[in-house]
Amino acid sequence: MSAASLPTSSPRSDDQIPLLAVRDLVISYGNILAVKGISFDVYEGEIVTLIGANGAGKSTTLRGISGLVPYSGDIWYQGQSLRRVPADQIVGRGIAQVPEGRGIFGNLTVLENLKLATWQRKDKGAIADDYERVFKIFPRLQERQSQLSGTLSGGEQQMLAVGRALMSRAKMMLLDEPSMGLAPVLVRDIFQVVQEINRQGTTVLLVEQNANMALRVASRAYVLETGTITLAGTGEELLKDPRVREAYLGG
Amino acid sequence: MIYILQQSLNALQLGSIYALIALGYTMVYGILTMINFAHGDLFMVGAFFGFMAALAFKLPFIPTLLISMIGVGLLGVAIERVAYKPLRQAPRVSAIITALGVGIFLENLTLVFYPYPQSVPQLLQNITWTIGGVTVSSLQIIIILMSLGLMVLLDFIVRRTMVGMAMRAVSWDKTIVPLMGVPVNLVISITFAIGTSLGGAAGVMYSQAFPVIDPYMGIMIGWKAFISAVVGGIGNIRGAMIGGFILGGVEIMVAAFLPSTYRDFVAFTLLLVLLIFRPYGILGQPRPQKV
């Protein structure tokens with residue numbers, strides 16, 4: 001059941017503590033078991049991806065990490081358990097999520113969306129720097145900062161959702177299907193941005209149905225099938241794995 | 001002409017009271033998609049809090065108003081925590097029935113303490129002037145200005161502050177809000193505190209203009225304010241203000257030119273007709289479909 005029996009494939013030495021450690025995570029919605037006891041690690045500086053089909057439990061796993069759904073098992077972040085931490089405080093601990101379908105507030109302006117994500121921050125000066133950083137990565141957002149975000153295009157909304165996560169100055173970013181509903185050229189842009197943000201020091205946990213793109217940018221990857229991790233390895237390994245090619249990369 | 005001017009002034013006074021109460025309905029709806037049918041009774045409790053404060057502490061108008069606003073605001077927060085929060089995932093109908101129950105509870109609790117109508121001491125020196133044939137009372141002016149002041153303040157809070165931003169975000173999609181690090185329950189409590197305290201303020205002001213109060217005074221006025229909120233577009237703050245003044249205007253003008261028994265008939269007809277042509281109210285928008 002657990003990934004402990006699978007090759008851990010961690011590129012790091014065994015004594016390094018993972019930034020995020022998920023252990024025997026079980027999440028159910030009523031009678032439906034969505035995640036059936038998975039374990040995986042994310043080390044600082046990595047891009048780790050969870051790939052799998054629709055309904056495999058990928059989004060649910062992210063919702064668990066962000067504290068949006070109750071779970072059994074445990075999730076450790078920087079050596080501390082997140083089990084009893086309410087969702088709004090998990091952001092303060094340093095984990096931001098870019099939710100599925102972007103989840104921007106369409107009745108707020110672009111700037112207000114960014115500002116809301118700074119709710120827990122007290123470092124006013126650094127916040128100004130972060131606006132600059134976000135606008136440097138996404139110049140389009142600066143042009144549209146006073147526009148209602150509901151009027152943005154899908155790609156721009158995705159930029160805003162990522163920019164918002166950056167504004168919380170999280171050490172770790174959870175991305176839920178950032179490529180969903182975007183034209184291929186925009187998908188490439190978004191993945192480039194994810195790599196750029198990672199280079200600037202943010203650890204990334206990426207959930208994707210677009211396995212091809214995700215595996216190309218990922219340091220390590222896990223394959224999730226109906227709530228269970230069935231494969232683990234580096235991005236390259238899984239890109240070559242016949243089972244992955246068969247199931248997720250169109251043979 | 002002078003008669004119309006006179007009636008317009010009366011309409012502004014009544015309208016500002018309706019608008020203040022309507023704001024409470026619309027704010028709670030905006031954030032929880034639920035009609036807090038106990039809100040009219042919170043207006044009544046506001047009048048009684050003001051009455052008790054005036055008798056017990058013999059304070060002037062403004063401190064009495066503040067005491068009542070704080071008292072009703074805290075009561076509103078408590079009601080949300082105890083009665084509505086457990087039903088947040090339940091069908092909206094259950095929450096609405098609960099709200100009706102809370103309203104009846106408040107009426108009867110007040111009845112325990114005050115079984116008879118009470119007459120409220122005058123807290124404001126009422127001076128009247130006659131300007132070009134129009135009688136203007138200082139009470140009227142104060143009620144209108146105080147209400148407008150509170151509305152401007154609320155508009156500022158909702159549009160310009162971080163808390164207001166969070167309220168608007170919760171009204172859009174409260175499942176995403178925690179991911180911003182914003183505690184949803186706190187935002188809901190603040191919304192209840194502000195919305196109900198405005199109702200409390202309206203209660204104190206109303207009981208200065210019409211100084212006999214009883215535990216059932218909130219029922220009809222609550223319905224009227226609810227109509228105001230719907231006419232303006234429920235969930236829309238500026239809409240509630242506009243709706244309040246429209247309803248106040250219609251009622252006063254009906255009473256001025258037609259037999260005054262037509263007043264409520266016309267008010268409710270207005271609601272029915274408007275909803276046929278503008279089901280979302282004057283400023284209301286269809287709620288976004290979440291994909």
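Two strands pair if DSSP finds at least two bridges between them, where strands (E, at least two residues) and helices (H or I, at least four) are DSSP runs numbered from the N terminus. The model is predicted, so local features need pLDDT of at least 70 and side-chain atom pairs count only at pLDDT 80 or more, while totals for chains, interfaces and linings use all residues. Residues are numbered from 1 along each chain as its sequence is written, chains are lettered from A and ligands numbered from 1 in the order in which they are written, and side-chain values use heavy atoms, with hydrogens and water left out.

**Exercise 1. Find the strand order and the edges of the four-stranded sheet in chain A.**

Step 1. Start with strand 1 (residues 20–29) of chain A, which eight bridges join to strand 2 of chain A; the two run antiparallel. One point to check is A:Ile27, which stands opposite A:Val35 in strand 2 of chain A.

Step 2. Extend to the whole sheet. The order is 2-1-4-5, the sheet is open and the pairing is antiparallel.

Step 3. Locate the edges. Strand 2 (32–42) and strand 5 (80–81) of chain A each pair on one side only.

Step 4. Add the helix. Helix 1 of chain A lies across strand 1, strand 2 and strand 4 (72–77) of chain A, with contact meaning heavy atoms within 4.5 Å. Helix 1 runs at about 115° to strand 1 of chain A; axes are lines fitted to C-alpha atoms, for helices over the stretch in contact, and angles run from 0 to 180 degrees between N-to-C directions.

**Exercise 2. Describe the six-stranded sheet of chain A and the helices that touch it.**

Step 1. Read the order, which is 6-7-8-3-9-10 in an open sheet with mixed pairing. The edges are strand 6 (95–98) and strand 10 (228–234) of chain A. Neighbouring strands are turned by 15° against each other on average, direction ignored.

Step 2. Take the pair at one end. Strand 6 and strand 7 (residues 172–176) of chain A run parallel and are joined by four bridges. A:Val98 has A:Leu175 of strand 7 as its bridge partner.

Step 3. Place the helices. Helix 1 (residues 58–65) of chain A lies across strand 3 (47–51), strand 6, strand 7, strand 8 (203–208) and strand 9 (220–225), at about 145° to strand 8. Helix 7 (residues 184–199) of chain A touches strand 3, strand 7 and strand 8, and its direction makes about 155° with that of strand 8.

**Exercise 3. Work out the hairpin and the tilted aromatic pair of chain B.**

Step 1. Strand 2 (residues 128–131) and strand 3 (residues 134–137) of chain B run antiparallel, joined by four bridges. B:Thr128 stands opposite B:Ser137.

Step 2. Two residues lie between these strands, and B:Gly132 in the turn has a positive phi of about 55°.

Step 3. Now turn to the rings. Over all chains, the search finds 13 aromatic pairs; rings of Phe, Tyr and Trp (its six-membered ring) pair if their centres lie within 6.5 Å, and planes under 30 degrees apart count as stacked, over 60 as edge-to-face and the rest as tilted. The rings of B:Tyr84 and B:Phe192 have centres 5.9 Å apart and planes at 50°, so this pair is tilted. B:Tyr84 is in helix 3 (residues 61–84) and B:Phe192 in helix 7 (residues 184–209) of chain B, 108 residues apart.

**Exercise 4. Describe the largest cavity and the largest pocket.**

Step 1. Fix the terms. On a 1 Å grid over the protein atoms alone, a cavity is a set of points where a 1.4 Å probe fits but cannot get out; a pocket is an open set with protein on both sides within 12 Å along at least five of seven lines, and lining residues have an atom within 4 Å of a point. Grid points are joined across faces, edges and corners, and a volume is the space filled by probe spheres set on the points.

Step 2. Two cavities of 30 Å³ or more are counted. The largest has a volume of about 40 Å³, and its lining includes A:Arg164, B:Leu179 and B:Met180.

Step 3. The largest pocket has a volume of about 920 Å³. Among its 31 lining residues, the closest to the centre are A:Asn107, B:Ser171, B:Gly235, B:Asn236 and B:Ile237. Helix 1 of chain B gives the largest share of this lining, five residues.
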